[in-house]
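Me: I should be grateful for a close look at one part of the structure shown below. Please begin with the length of that part, and then set it in the context of the rest of the chain.

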Amino acid sequence: MVCPVGRKHVELWAGYALVVLGVVVVAIDPGHWAHITLGLLLALGGAGLAAHGHMIKAPVLEVSDGEFRYQRGRYIVRVPFHDIGSYYVLPGRIRSLGLCDSTGRPKRFPSLQSRRAARTYLPLTGMTSPAKVESFMAVAGIPPRKRSLTS
């Protein structure tokens, strides 16, 4: 899965399900070595998957000290408010947030994890509600692109 938060939920639920399945396999026939080995392998795999799921971080949008801040893991983008004219949310399965300058041109950001040279959007997650992003940006005082005075 591509969506970080969606992948987090899948890994957590699958990990817990594998742990429970491992316990059930051992409980069926605790005297047979094959059941114990299979149950132990399932439980260890599930515990590893659940632990990895707990380590996945969702993107964070913040407003502080006159700047907009986006953080996803170790990737951080800081943009002063006077450089932002408007924003837009790209629809689709994997949502993204685009920022525009005061003339309406999309801002370019360095790539995430060296995958591309630059991008004009900041990846959110498929589980991020566009209404939630719109309300956050309204509180921050950044107008949507379709209502921007300069575009």
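**Helix α2 and its setting**

Reply: In this predicted model, helix α2 covers residues 33-55, and its 23 residues should span 33 Å at 1.5 Å a residue; the end C-alpha atoms are 33 Å apart, so the expected and computed lengths agree. Within α2, the buried residues are Gly39, Leu42, Gly46, Ala50 and Gly53.

Helix α1, made up of residues 4-28, precedes α2 in the chain. One link between the two regions can be given as a distance: the C-alpha atoms of Leu18 and Leu41 are separated by 9.3 Å, although these residues are 23 positions apart along the chain. Leu18 belongs to helix α1. Its relative accessible area is 28%, so Leu18 is classed as partly exposed, since that class lies between the 20% and 50% limits.

Val24 is also part of helix α1. This residue counts as partly exposed because its relative accessibility is 40%. Together with Val20 and Ile28, Val24 makes a nonpolar surface patch of about 280 Å². The UniProt record, an unreviewed entry, places a "transmembrane region" at residues 12-28. In the model that span is 100% helix and 0% strand, with its end C-alpha atoms 25 Å apart.

The wider architecture gives these helices their place. The protein has three helices and eight strands, and from the N terminus the order of elements is α-α-β-β-β-β-β-β-β-β-α. Of the 151 residues, 34% are buried.

Beyond α2, the largest nonpolar core contains 17 residues, and those with the most contacts inside it are Phe68, Tyr70, Leu97, Leu99 and Met137. Strands β2 (67-72), β3 (75-80) and β5 (96-100) each supply at least two residues of this core, as does helix α3 (130-140).

Charged pairs complete the description, with three salt bridges found in the whole structure. In one of them, Arg69 is paired with Glu62, and the closest N and O atoms are 3.2 Å apart. The two partners fall into separate accessibility classes: Arg69 counts as buried because its relative accessibility is 18%, under the 20% limit, whereas Glu62, with a relative accessible area of 30%, is partly exposed.

Another salt bridge joins the side chains of Arg78 and Glu67, at 3.5 Å from N to O. Arg78 lies in strand β3 and Glu67 in strand β2, so this pair ties together parts that are eleven residues apart in sequence. Glu67 has a relative accessibility of 22% and therefore counts as partly exposed. Strands β2 and β3 are thus linked by this charged pair, and each of them also contributes at least two residues to the nonpolar core described above.

The remaining pair to be described is Asp101 with Arg105, whose side chains meet in a salt bridge at 3.3 Å, N to O. Asp101 is buried because its relative accessible area is 16%. Arg105, by contrast, has a relative accessibility of 53% and so counts as exposed, that class beginning over 50%.

To return to the part requested, α2 is a helix whose end-to-end distance of 33 Å agrees with expectation, and its buried residues include Gly39, Gly46 and Gly53. Leu41 has its C-alpha atom 9.3 Å from that of Leu18, a residue of helix α1.

Notes:
Residues numbered from 1 in each chain as written. Predicted model: local features only at pLDDT ≥ 70, side-chain atom pairs only at ≥ 80, totals over all residues. Heavy atoms only, no water. Patch = residues over 30% accessible without salt bridge, like charges linked within 9 Å, V, L, I, M, F, W, Y side chains within 5 Å. Areas by Shrake-Rupley, 256 points an atom, 1.4 Å probe, with all protein chains shown as cover. Salt bridge = Lys/Arg side-chain N within 4 Å of Asp/Glu carboxyl O. Helix = DSSP H or I, 4+ residues; strand = E, 2+ residues; numbered from the N terminus. Buried < 20%, exposed > 50% of the residue type's maximum accessible area, 1.4 Å probe, protein only. UniProt positions renumbered as here; feature names shortened; annotations may be inferred. Expected span 1.5 Å × (residues − 1). Core = buried A, V, L, I, M, F, W, Y, C linked by side-chain atoms within 4.5 Å.
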